[in-house]
Amino acid sequence: MPDRLDFQQLSSGLRRMGWIRFWSQLVLGTVVLGVLVFAAIGGSTVRDAARSVGLGTGISLTTLAFVVLLFSLWQSWLVVRTGRAIDSAARPSRGETARRIKRSLLADLIGLVLALLGYQALAGPLFIQAASQTPGVQVDNLPITATEIVVVLGNAQALFAHLIGLCCSLWLLQRVYRTN
């Protein structure tokens with residue numbers, strides 16, 4: 001039977017890691033949202049089908065990864081609340097706590113897969129555009145625009161946000177199942 005100090009340490013660890021995960025994913029998610037809005041409003045690359053073969057698919061997958069990131073943010077908030085509840089009299093069970101953390105782990109895995117697929121869909125057309133350009137010659141047909149590069153960077157932010165969430169979830173699971 002764990003003593004009160006073990007519950008306090010677990011509670012503190014869950015809250016601390018939950019807040020780290022929440023705020024880091026929130027900041028990176030804000031960057032991703034800004035990039036997606038910039039691509040939708042400022043860029044005409046998706047509308048020009050001849051120019052951007054896979055960029056529309058890449059942006060769509062990045063948007064799906066962002067939606068999963070929103071769910072992951074909500075799960076982070078629930079982990080913080082669970083950490084608070086562990087230190088109270090109405091403490092959740094180990095299984096209930098682990099299920100909550102596993103749900104956030106699964107969300108981050110799905111987000112990672114979507115962001116990786118989006119990255120591949122974004123990098124492929126950009127490589128084709130770069131490979132078709134001749135060094136030192138003015139090319140008017142397929143120049144790489146800043147919007148296309150910014151979209152790839154936004155996708156990298158979504159990848160990083162899900163990676164942070166995955167690492168935090170694994171650490172939290174280790175904390176919940178650790179035996180002294």
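**Exercise 1. Find which residues of the largest nonpolar core touch the most other members.**

Step 1. Start with the term: a nonpolar core is a set of buried Ala, Val, Leu, Ile, Met, Phe, Trp, Tyr and Cys residues joined through side-chain atoms within 4.5 Å. Buried means under 20% relative accessible area, exposed means over 50%, and partly exposed lies in between (1.4 Å probe, protein chains only).

Step 2. Now pick out the residues. The largest core has 37 residues, and L14, I59, I101, L122, L172 and V176 touch the most other members.

Step 3. Ask where the core residues come from. Helices α1 (4-42), α2, α3 and α4 each supply at least two of them, and the largest share, 11 residues, comes from α4. For background, nonpolar side chains tend to be buried together in soluble globular proteins.

A word on the model you are viewing: it is predicted, so local features need pLDDT of at least 70 and side-chain atom pairs count only at pLDDT 80 or more, while totals for chains, interfaces and linings use all residues. Residues are numbered from 1 along each chain as its sequence is written, and side-chain values use heavy atoms, with hydrogens and water left out.

**Exercise 2. List the residues that L122 touches, leaving out those up to four places away in sequence.**

Step 1. Contact means heavy atoms within 4.5 Å.

Step 2. With that cut-off, L122 touches L55, G58, I59, T62, V151, V152 and N155.

**Exercise 3. Describe the overall make-up of the chain: how many helices and strands does it have?**

Step 1. Helices (H or I, at least four residues) and strands (E, at least two) are DSSP runs, numbered from the N terminus.

Step 2. Count them: 4 helices and 0 strands, in the order α-α-α-α from the N terminus on.

Step 3. Add the chain totals. Of the 180 residues, 44% are buried. Among contacts between residues at least 6 apart in sequence, 83% join residues at least 24 apart.

**Exercise 4. Work out how α2, α3 and α4 pack in pairs.**

Step 1. Two packed helices are described by the angle between their axes and the distance between the axes. Axes are lines fitted to C-alpha atoms, for helices over the stretch in contact, and angles run from 0 to 180 degrees between N-to-C directions. Angles under 35 degrees count as roughly parallel, over 145 as roughly antiparallel, 65 to 115 as roughly perpendicular and the rest as oblique.

Step 2. Take α2 (residues 55-86) with α3 (residues 94-131): the angle is about 160° and the axes are 8 Å apart. The two helices are therefore roughly antiparallel.

Step 3. Take α3 with α4 (residues 146-177): here the angle is about 155°, with the axes 8 Å apart. So α3 and α4 are roughly antiparallel to each other.

Step 4. Take α2 with α4: the angle is about 30° and the axes are 10 Å apart, which makes α2 roughly parallel to α4. Residues making this contact include L55, I59 and T62 of α2 and V151, N155 and L172 of α4.

**Exercise 5. Is W23 buried, partly exposed or exposed?**

Step 1. Locate the residue: W23 lies in helix α1.

Step 2. Read its relative accessible area, 47%, so W23 is partly exposed.

Step 3. Look across the chain to S76: its C-alpha atom is separated from that of W23 by 9.2 Å, though the two residues are 53 apart along the chain.
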